[in-house]
There are 2 protein chains.
Amino acid sequence: MSDRYLVISSDCHAGLRPEAYRDYLDPQYREAFDAALPIQAAAMEESGKRFLVDDINEQWRSGNENLLHGAWDHDARLRVLDGDGIAGEIIFPDGITEMNSPPFGASLGLPTEGVDPEMQWAGARAHNRWLSELVSMAPDRHFGVAVIPCLWDDMDTTLKEVRSARKNGLGGILLPNAWGKRLAYHHSFYEPLWELCADLGVIIHFHSGAAPTEDYFGPMPPKPGQEIPAGAVGVYICEVPFYNVRPVTFMLWGGVFTRHPKLKVAITEGTTIWAPEYVALLEQRYEEAHYSQKLGDFRSHLKGKSPAQAFRENVFLGASCMPRREAEMRDAIGLSQLMWGSDYPHPEGSWPFTRDQMHATFQGLPEDDVAAMLGGNATEFYGFDAEKLAPLVAKIGPEKSWLQGPGPQPSA
Amino acid sequence: MSDRYLVISSDCHAGLRPEAYRDYLDPQYREAFDAALPIQAAAMEESGKRFLVDDINEQWRSGNENLLHGAWDHDARLRVLDGDGIAGEIIFPDGITEMNSPPFGASLGLPTEGVDPEMQWAGARAHNRWLSELVSMAPDRHFGVAVIPCLWDDMDTTLKEVRSARKNGLGGILLPNAWGKRLAYHHSFYEPLWELCADLGVIIHFHSGAAPTEDYFGPMPPKPGQEIPAGAVGVYICEVPFYNVRPVTFMLWGGVFTRHPKLKVAITEGTTIWAPEYVALLEQRYEEAHYSQKLGDFRSHLKGKSPAQAFRENVFLGASCMPRREAEMRDAIGLSQLMWGSDYPHPEGSWPFTRDQMHATFQGLPEDDVAAMLGGNATEFYGFDAEKLAPLVAKIGPEKSWLQGPGPQPSA
């Protein structure tokens with residue numbers, strides 16, 4: 001039994017500086033890339049003004065620039081992970097919110113409107129190629145999540161990219177949370193994708209971010225003088241967990257996990273306090289014949305595997321920047337499903353105060369439970385090799401005695 | 001202290017047979033009404049085939065037809081209320097799902113697409129006129145909710161109809177849960193409406209029903225051979241509570257209750273088990289400076305009245321067909337906000353087994369708590385006159401000893 005915790009971050013991000021994606025694009029898209037680069041930069045700056053408070057972010061970034069380069073610089077990245085005590089990580093796109101998105105809308109939010117599907121795919125392939133290189137630099141520590149956009153337009157392209165990503169060492173895929181006017185995830189259209197992922201052991205991810213932005217902030221792009229209603233951000237941050245779990249609700253009722261019992265899904269950075277009542281509602285709706293029978297049969301295709309059961313067995317929860325309240329609710333949320341995450345290098349993440357926050361969240365809780373949340377669950381779910389990581393953990397892992405002790409120690 | 005409970009149903013429905021709305025329409029719309037009647041009937045039949053299982057509903061209706069006429073027949077209605085032990089009720093539109101909707105889309109779901117705003121208003125006025133008559137037949141027992149559709153198009157029309165409804169004895173209004181591409185409820189556009197309702201003491205209602213139907217069932221109207229994905233109904237019944245509380249989320253963060261501390265809102269038939277974690281999330285988002293500060297100020301306009309506080313003070317919850325689990329969770333949900341409802345005459349409602357279900361839900365719980373949920377909260381919230389109702393309660397109210405006892409007694 002080690003005296004240190006094996007820590008896996010279920011939620012980290014990586015991405016190149018915008019201009020550096022050029023070399024990873026299929027050559028035929030480079031001309032369009034050169035033309036789009038200044039437009040994308042301007043849009044990002046505009047979005048930064050609108051949604052991010054520049055001075056807060058600048059203040060946060062100040063003095064940390066070199067370590068934030070870990071978004072694309074492998075050496076800097078390992079220094080951060082080591083300092084945080086993180087042995088392994090799951091890597092999503094969009095290294096730093098303002099600067100490191102893959103081109104052509106192949107970004108974390110995976111928009112379905114205002115993008116050219118062919119170009120979005122080109123951007124996704126460029127990111128996936130680069131990510132494969134990054135992961136290969138320390139494959140025991142990095143689990144890469146490939147970007148799979150607008151899969152509704154072309155299932156063959158989707159299946160091809162999933163196979164290619166798997167072959168290149170990426171074990172997961174990121175799918176869009178929102179499908180716009182296309183088919184939702186309970187539709188039979190997606191069956192070949194679920195089948196392929198189950199066969200290859202590819203883990204499906206939905207990551208927090210996308211939400212009906214125009215409801216909160218008004219039509220995009222905004223007209224001059226357009227009012228942004230007070231409290232818009234408050235609505236967004238309260239609703240975004242719903243939109244993060246939404247794809248899974250469709251998959252659960254669609255019977256995807258009845259047909260593919262080995263298929264794994266992660267809901268990442270989605271907050272987790274909704275889980276107890278989400279499961280209770282799934283159970284209530286599944287069981288209550290009287291109130292819903294007027295609507296017809298919606299259960300027989302599940303063949304006895306209820307949505308609540310499938311949620312407990314097939315779905316894991318990435319708990320980024322986990323507050324203590326969530327750790328205290330662990331049994332109700334689902335202890336075996338909870339996976340801590342640092343969200344490095346996002347400004348809302350725990351870094352550079354990861355160890356302090358870790359202590360505040362877990363201090364005094366039972367060791368086995370903490371071990372499960374900090375890394376045990378993720379190790380099993382993602383297939384990290386704990387034996388291979390053991391020497392590293394012995395050096396960088398947070399000490400169990402420290403996490404049980406009274407206060408934070410300085411970062412290593 | 002009475003030995004019987006004062007019962008108020010927070011959720012009942014009334015509506016005319018389709019053809020009978022003609023007499024209540026402004027004359028200039030009657031020609032259009034005659035033309036639309038068969039089209040509306042066909043659409044309802046189609047919708048019935050699609051979403052309702054005809055044989056289940058027929059079986060349920062069989063033998064109860066005369067009492068279902070209580071949707072529009074006042075004598076039949078009072079017989080049902082008396083039999084259920086209900087002294088007072090809140091009345092929404094759409095008496096029986098398949099047949100009693102106000103014309104021109106002025107129905108419970110208040111659609112924003114595929115309706116002509118002028119016609120929808122005409123339908124709403126017709127229903128409101130008739131409802132005023134119904135309420136006036138026993139004003140101490142009936143609290144009528146006026147239909148207020150597509151208010152975003154024309155605030156003057158909206159304010160005029162709210163004033164008119166109030167003058168005609170309707171104490172509440174029903175607003176659309178979904179706003180399509182129009183402005184959401186945190187926008188300053190709605191300020192005159194909130195102000196008027198606070199001034200007049202008009203209670204705002206959001207009632208379960210509307211949801212993004214096309215996500216579940218596919219494009220409407222369906223094309224021949226269009227697949228309805230298995231489990232679509234399961235997704236709908238799990239998601240619809242979110243869409244019922246959604247308008248309130250916007251109002252809370254928009255600061256509506258900071259500016260109008262007397263304004264009252266009811267969320268009706270929305271299930272209630274989401275409330276504890278909804279409030280926890282409101283608190284978490286309001287308090288957690290670190291994770292959200294990058295997004296800017298979204299709190300100062302609330303002037304210290306947090307969304308969670310406003311939810312507890314200004315928002316009440318209509319708990320229709322309340323399962324025992326919700327009654328057991330009453331403290332976490334918010335005992336002072338909970339209002340039982342029968343949903344008569346909807347097929348998913350408790351009638352004709354109201355007393356059996358009431359017993360199953362409340363048996364053995366503390367008398368004061370049961371009194372609050374069954375009618376005390378609603379009496380205060382809606383302003384029923386308990387003294388005037390006392391003689392009626394002495395005759396029809398469920399006996400407290402029976403509800404504490406071991407099993408259901410036959411309906412009175």
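Reader: Which strand do 3 bridges join to strand S4 (residues 170-174) of chain B?

Author: Those 3 bridges lead to strand S5 (residues 203-207) of chain B, and the two strands run parallel. Strands are DSSP runs of E with at least two residues, helices are runs of H or I with at least four, and both are numbered from the N terminus. Two strands pair if DSSP finds at least two bridges between them. In S5(B), B:Ile203 is the bridge partner of B:Gly172. Please keep in mind that this is a predicted model, where local features need pLDDT of at least 70, side-chain atom pairs count only at pLDDT 80 or more, and totals for chains, interfaces and linings use all residues. Residues are numbered from 1 along each chain as its sequence is written, while chains are lettered from A and ligands numbered from 1 in the order in which they are written.

Reader: What is the order of the strands in the open sheet of chain B?

Author: The 8 strands follow the order S1-S2-S3-S4-S5-S6-S7-S8, with parallel pairing. At the edges are strand S1 (8-13) and strand S8 (338-341) of chain B, each pairing on one side only.

Reader: How do I read the packing of two helices, say H9 of chain A and H9 of chain B?

Author: Two packed helices are described by the angle between their axes and the distance between the axes. Axes are lines fitted to C-alpha atoms, for helices over the stretch in contact, and angles run from 0 to 180 degrees between N-to-C directions. Here, helix H9 (residues 232-254) of each chain packs against its counterpart at about 175°, with the axes 11 Å apart. H9(A) and H9(B) are therefore roughly antiparallel, a term for angles over 145 degrees. Among the residues making the contact are A:Phe242 and A:Trp253 of H9(A) and B:Phe242 and B:Trp253 of H9(B); residues are in contact if their C-beta atoms, placed from the backbone, lie within 7 Å.

Reader: How many residues does each chain give to the contact between A and B?

Author: Chain B gives 49 residues and chain A gives 49. On the side of chain B that touches chain A, H9(B) gives the most, with 12 residues.

Reader: Is B:Val256 buried or exposed?

Author: The general idea is to count neighbours: a residue is buried if 20 or more other C-beta atoms lie within 10 Å of its own, exposed if 12 or fewer, and partly exposed in between. B:Val256 has 26 within 10 Å, so this residue is buried. B:Val256 lies in helix H10 (residues 256-259) of chain B. Not counting residues up to four places away in sequence, B:Val256 touches B:Trp194, B:Met251 and B:Leu263.

Methods. Parallel < 35°, antiparallel > 145°, perpendicular 65-115°, else oblique. Contact = placed C-beta atoms within 7 Å.
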